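Reader: Hello! I am new to this structure and would like to find my way around it. Could you walk me through it with a few questions and answers?

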Amino acid sequence: MGPTFPELVEVVGSERIIDRASVNAWDDPNVAAAIEATRRKKLIFAGVSLEVCAAFPAITSLGKGYDAYVAVDASGTFSQTKREVGLLRMQQAGVILSDYASLMVEILKDNAGPLTGPVYGALDMPWATLVGQIAKAYGK
């Protein structure tokens with residue numbers, strides 16, 4: 001708990017942030033309702049601690065019929081052992097592990113789309129703008 005990063009509030013808006021005290025986000029009825037209201041079946045998680053904040057809700061999501069992805073490099077941890085055990089536990093449960101940039105590019109889907117430049121820029125991948133420029137040059 002604590003204040004939300006101002007950069008996140010700026011993008012998401014304070015009215016969409018759910019302040020909670022539960023360890024597993026699914027245990028908070030407001031979080032569960034917000035996830036279910038999206039009607040999406042693929043969820044991406046990251047957390048302060050990979051082995052708890054990301055792993056617990058990701059594993060719970062699988063049991064609820066969702067596809068759960070964890071952005072490993074967008075999650076912290078408190079020791080190498082906790083990280084390794086958390087990764088193992090999630091893999092054994094069937095959580096899909098990835099890095100944040102690959103997940104965002106997968107969501108993007110089209111390097112010639114209007115969001116390509118802003119997404120790559122936000123990912124601190126300005127070099128990848130070249131991909132969009134190449135696609136544009138080929139008339140895609």
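Author: Gladly! Please keep in mind that this is a predicted model. Ask away.

Reader: How many aromatic pairs are there, and how is the pair arranged: stacked, edge-to-face or tilted?

Author: The count comes to one aromatic pair. Its partners are Trp-26 and Tyr-66, with 5.5 Å from centre to centre and 45° between the planes. Planes under 30 degrees apart would count as stacked and over 60 as edge-to-face. At 45°, the pair is therefore neither of these by that definition, and its arrangement is tilted.

Reader: How many residues apart in sequence are the parts that this pair ties together?

Author: Trp-26 sits in the loop between helix H1 (6-12) and helix H2 (29-38). Tyr-66 belongs to the loop between helix H3 (50-63) and strand S2 (67-71). The pair therefore ties together parts whose separation in sequence is 40 residues.

Reader: Are Trp-26 and Tyr-66 buried or exposed?

Author: Buried means under 20% relative accessible area. Trp-26 has a relative accessibility of 6%, and Tyr-66 has a relative accessible area of 9%. Both values fall under that cut-off, so Trp-26 and Tyr-66 count as buried.

Reader: Which lysines lie over the faces of Tyr-66 and Trp-26?

Author: Over the face of Tyr-66, at 4.4 Å from the ring centre, lies Lys-41. Over the face of Trp-26, the distance from the ring centre is 5.1 Å, and the residue there is Lys-64.

Reader: Let us turn to the strands. Which strands stand at the edges of the sheet?

Author: Three strands form an open sheet with parallel pairing, in the order S1-S2-S3. An edge strand here has a single partner strand, so one of its sides is left without a neighbour in the sheet. The strands at the edges are S1 (42-45) and S3 (96-98).

Reader: How many bridges join S1 to S2, and which residue in S2 stands opposite Lys-42?

Author: S1 and S2 run parallel and are joined by four bridges. Opposite Lys-42, the residue in S2 is Asp-67.

Reader: By what angle are neighbouring strands of this sheet turned against each other on average?

Author: The sheet is an open one with the order S1-S2-S3. With direction ignored, the average turn between its neighbouring strands is 25°.

Reader: Which residues are buried in H5, and why do they line one face of the helix?

Author: The buried residues of H5 are Ala-101, Leu-103 and Leu-108. Seen down the axis of H5, they fall within an arc of 165°. They line one face of the helix because of that arc of 165°.

Reader: What covers the buried residues of H5?

Author: The helix itself spans residues 100-108. What covers its buried residues includes S1, S2, S3 and H6.

Reader: Which residues other than glycine have a positive phi?

Author: Most residues other than glycine have a negative phi. Arg-39, in the loop between H2 and S1, has a positive phi near 60° and is exposed at 74% relative accessibility. In the loop between H5 and H6 (116-122), a residue with a relative accessible area of 75% is also exposed, and its phi is about 70°. Residues with a positive phi thus include Arg-39 and Lys-109.

Reader: Which residues does Asn-24 touch?

Author: Asn-24 lies in the loop between H1 and H2 and is buried, with a relative accessible area of 10%. Leaving aside residues up to four places away in sequence, Asn-24 touches Phe-56, Pro-57 and Thr-60.

Key. Residues numbered from 1 in each chain as written. Predicted model: local features only at pLDDT ≥ 70, side-chain atom pairs only at ≥ 80, totals over all residues. Heavy atoms only, no water. Phe/Tyr/Trp six-rings, centres within 6.5 Å; stacked < 30°, edge-to-face > 60°. Helix = DSSP H or I, 4+ residues; strand = E, 2+ residues; numbered from the N terminus. Buried < 20%, exposed > 50% of the residue type's maximum accessible area, 1.4 Å probe, protein only. Lys NZ or Arg CZ within 6 Å of the ring centre and 35° of its normal. Pairing = 2+ DSSP bridges. Axes fitted to C-alpha atoms, helices over the stretch in contact; angles between N-to-C directions. Arc of directions from axis to C-beta. Contact = heavy atoms within 4.5 Å.
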